[in-house]
Amino acid sequence: GNVLAAGEDSAGLAYGLDAVTAWPRLYSVTSDATRAVVDDRRVQLDAAARMTVTCGATTVVTAVLLVHSGWWWWLTAAPGALAVVSYAAATAAAVAFGESLRAAFDVHHLDLIDALRLPRLANMAEEKQLNDQLCRLWRGEVASLSVTYRHPS
């Protein structure tokens, strides 16, 4: 959970974008290749997390069922070991997913500005201000932007 949250917090940060708020919009303008990488890493994360929970629950149930079974109780070690391995895999998958989110923001943050028909600004400080305003608008904290929309001719 902490690794995933750290990845979400750092993605887009360099551009003044809150990843949780901006990601649904940025996702739609990413390239097919970027989308495939992000989706694949998310599937890996989900699978590893599900395996961790399943193996952990199986360990508990097995321990309860075999508590008075003598040496058979040691069979709880198998799903327990799988839970530990799955947790390590989930942590690694969360790191990889966070990295793919950061890469998507790095490569496509200007595509989002273009798709919204907003002007590209002169420097990174102005872009960060715009992106902060956009995130606040999307969260419903402000009613409008201080930047003029460019209608395509």
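This passage describes the nonpolar core, aromatic pairs, salt bridges and surface features of a predicted model.

In soluble globular proteins, nonpolar side chains tend to be buried together. The largest nonpolar core of the model comprises 22 residues, of which Trp23 and Phe105 touch the most other members. Two or more residues are given to this core by each of helix H2 (19–27), helix H3 (32–65), helix H4 (77–115) and helix H5 (124–138), and helix H4 makes the greatest contribution, with eight residues. When neighbours within four places in sequence are left aside, phenylalanine 105 is in contact with Ala11, Gly12, Tyr15, Leu17, Ala19, Ala22, Trp23 and Leu26. Trp23 is thus named twice here, as a residue in contact with phenylalanine 105 and as one of the two core members that touch the most others. Tryptophan 23 has a relative accessibility of 18% and therefore counts as buried, the limit for that class being under 20%.

The aromatic pairs in the model number four. In one of them, tryptophan 23 and tyrosine 27 meet edge-to-face, with a distance of 5.5 Å from centre to centre and an angle of 65° between the planes. Because tryptophan 23 and tyrosine 27 are four residues apart in helix H2, about one helical turn separates them. The two residues of this pair fall into separate accessibility classes, since tryptophan 23 is buried at 18%, whereas tyrosine 27, at 27% relative accessibility, counts as partly exposed. A second pair is formed by tryptophan 73 and tryptophan 74, whose ring centres lie 5.5 Å apart and whose planes stand at 80°, so that this pair is also edge-to-face. Ring pairs also link Trp23, Tyr27 and Phe105 into a cluster, which brings together the two residues, Trp23 and Phe105, that touch the most other members of the core.

Tryptophan 73 is located in the loop between helix H3 and helix H4. With a relative accessible area of 31%, tryptophan 73 is partly exposed, while tryptophan 74, at 61%, is exposed. Both residues contribute to a nonpolar surface patch of about 720 Å², which is made by Val67, Trp71, Trp72, Trp73, Trp74 and Leu75. Tryptophan 73 qualifies for this patch because its relative accessible area of 31% meets the requirement of over 30%.

Side chains of opposite charge can pair when their charged atoms come close. Six salt bridges are present in the structure. Among them is the bridge between aspartate 18 and arginine 139, in which the closest N and O atoms are 3.1 Å apart. Aspartate 18 is placed in the loop between helix H1 (2–10) and helix H2, and arginine 139 in the segment after helix H5, so this bridge ties together parts that are 121 residues apart in sequence. Aspartate 18 counts as partly exposed at 29% relative accessibility, and arginine 139 likewise counts as partly exposed, at 37%. Arginine 139 also meets the side chain of glutamate 141 in a salt bridge, with an N to O distance of 3.0 Å, and Asp18, Arg139 and Glu141 are accordingly linked in a network of salt bridges.

A further salt bridge joins aspartate 32 to arginine 35, with 3.2 Å between the closest N and O atoms. Both residues lie in helix H3, where they are three residues apart, or about one turn of the helix. Aspartate 32 counts as exposed, at 61% relative accessibility, whereas arginine 35, at 22%, counts as partly exposed.

Two further positions, in helices H4 and H5, were examined individually. Serine 86 belongs to helix H4 and is buried, with a relative accessible area of 8%. Apart from neighbours within four places in sequence, serine 86 is in contact with Ala48, Met51 and Thr52. Alanine 125, by contrast, is exposed, with a relative accessible area of 52%, and has its place in helix H5. The C-alpha atoms of alanine 125 and glycine 16 are 8.8 Å apart in space, although the two residues are separated by 109 residues in sequence.

Terms used
Residues numbered from 1 in each chain as written. Predicted model: local features only at pLDDT ≥ 70, side-chain atom pairs only at ≥ 80, totals over all residues. Heavy atoms only, no water. Patch = residues over 30% accessible without salt bridge, like charges linked within 9 Å, V, L, I, M, F, W, Y side chains within 5 Å. Areas by Shrake-Rupley, 256 points an atom, 1.4 Å probe, with all protein chains shown as cover. Salt bridge = Lys/Arg side-chain N within 4 Å of Asp/Glu carboxyl O. Buried < 20%, exposed > 50% of the residue type's maximum accessible area, 1.4 Å probe, protein only. Core = buried A, V, L, I, M, F, W, Y, C linked by side-chain atoms within 4.5 Å. Contact = heavy atoms within 4.5 Å. Phe/Tyr/Trp six-rings, centres within 6.5 Å; stacked < 30°, edge-to-face > 60°.
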